[in-house]
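Here are a few exercises to work through with the model open in your viewer. Try each task before reading its solution.

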Amino acid sequence: MSRTPDARARDIQTKKIQDNITNVEKHFGDLCQLFAAYVRKSARLRDKADLLVKEVGLYADTETPNLKCGLKNFADQLAKIQDYRQAEVERLEVKVIEPLKAYGNIVKTKREDLKQTQTARNRESKQMQQLERMRQRNPSDRQIISQAESELQRATMDATRTTRQLEETIDDFEKQKIRDIKKILGEFVTVEMAFHAKALEIYTSAYQDIQNVDEEGDLEVFRNSLHPPDYQSRLEIVRANSKLSLNRTGTSMSKSGTMQSRTSSRQRKRDDDEEDEEEDEEEEDDLEEVTDDEH
């Protein structure tokens, strides 16, 4: 016996509802797994960042004062970001993953509702087939046929009732699904925006901390560290001795120059005296010649 148009329409409806439930079960399950993996990645990133903070701190202890201060401040800022990342992880677990996981039970309940409806419809179909067989076998037995018709009527009423309940249930399910996915994804974006906004603020401070390191000051400290502690005092002694030697040399040269100057003066004086004596002798010779001429 072919099924009635209403029965066929209900079958199509049931198939549509079943496909919808299966679709939500699949995709919400996939979303839950991927968001859980996303959160685990964030947690591992937090752990790696904690190690990075520790290493930057250890390195800072080995550096010059200004760079050490900058690195320490940088590490502190990075540690703050990881605190916010931890809050991000916890919020995503509560506001995104848990609601998606809850759909496992929600879908299970809807499948049970669908199963009850299918059971009622199968019972209706079975009663319809039984009535048809009785009509064919005992067309004159009105009592049996009437009893089968009554049972079919009860089965049809039960199938209609469960179908109506299923329609209401699946309608509520569809409304809840839309509201929930909007809320879940909205919460995800809100949590991420809050984290990244705060992270941007802290990263800006970290950037300023490391850029404000006094390079020249640390270079001076480094250059001074290249010499032993008593190097400066020894250097000053060497400089003082060098200066004393230069002063002594200058004094000696000054005295030598004075003596040479005096010797030259005496030499010039002797030369002048000798010239005067020669002139006197020449004058005496001239007088003698004049006297001889007169005689």
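**Exercise 1.** Leaving aside neighbours within four places in sequence, which residues is Val96 in contact with?

*Solution.* Bear in mind that this is a predicted model.
- Start with the overall layout: the protein has five helices and zero strands.
- Now select Val96 and skip its neighbours within four places; the contacts are Phe35, Arg91, Ile184 and Phe188.
- Then zoom out to the largest nonpolar core, which has 24 residues, with Val96 among those that have the most contacts inside it, alongside Ile21, Leu100 and Phe173.
- Helices H1 (5-60), H2 (65-137) and H3 (142-211) each put at least two residues into this core.
- There's also a second, separate core of 12 residues, including Leu67 and Val213.

**Exercise 2.** Work out what surrounds the side chain of Asp218, and find out how far away the nearest side chain of opposite charge is.

*Solution.*
- Locate the residue: Asp218 sits in helix H4 (residues 215-225).
- Check for charge partners: Asp218 is buried but has no salt bridge, and Lys68, the nearest side chain of opposite charge, is 11 Å away. A salt bridge needs the nitrogen and oxygen within 4 Å, so that pair doesn't qualify.
- Look for polar partners instead: the side chain of Asp218 makes a 2.9 Å polar contact with the side chain of Thr64.
- Add the backbone: a polar atom of the Asp218 side chain lies 3.0 Å from the backbone nitrogen of Asn66.
- List the wider surroundings: beyond four places in sequence, Asp218 touches Thr64, Pro65, Asn66, Leu67 and Val213. Two of these, Leu67 and Val213, turned up in the second core.

**Exercise 3.** Compare the salt bridges Asp30–Lys26 and Lys72–Asp61: where does each pair sit along the chain?

*Solution.*
- Get the total: the whole structure has 11 salt bridges.
- Take Asp30 and Lys26, whose side chains meet at 3.1 Å, N to O. They are four residues apart in helix H1, so about one helical turn separates them.
- Check exposure: Asp30 is partly exposed at 31% relative accessible area, and Lys26 is partly exposed at 48%.
- Move on to Lys72 and Asp61, with their closest N and O atoms 3.0 Å apart. Here Lys72 is in helix H2 while Asp61 is in the loop between H1 and H2, 11 residues apart.
- Both ends are partly exposed again: Lys72 at 30% and Asp61 at 44%.
- Finish with a network: Arg123, Asp158 and Arg161 are joined through salt bridges that share partners.

How values were computed
Residues are numbered from 1 along each chain as its sequence is written. This is a predicted model: local features need pLDDT of at least 70, side-chain atom pairs count only at pLDDT 80 or more; totals for chains, interfaces and linings use all residues. Side-chain values use heavy atoms; hydrogens and water are left out. Buried means under 20% relative accessible area, exposed over 50%, partly exposed in between (1.4 Å probe, protein chains only). Lys and Arg count as positive and Asp and Glu as negative; His and the chain ends are not counted. A polar contact is a pair of N or O atoms within 3.5 Å; within protein, one must be able to donate a hydrogen and the other to accept it, and residues adjacent in sequence count only if both atoms are side-chain atoms. Contact means heavy atoms within 4.5 Å. A nonpolar core is a set of buried Ala, Val, Leu, Ile, Met, Phe, Trp, Tyr and Cys residues joined through side-chain atoms within 4.5 Å.
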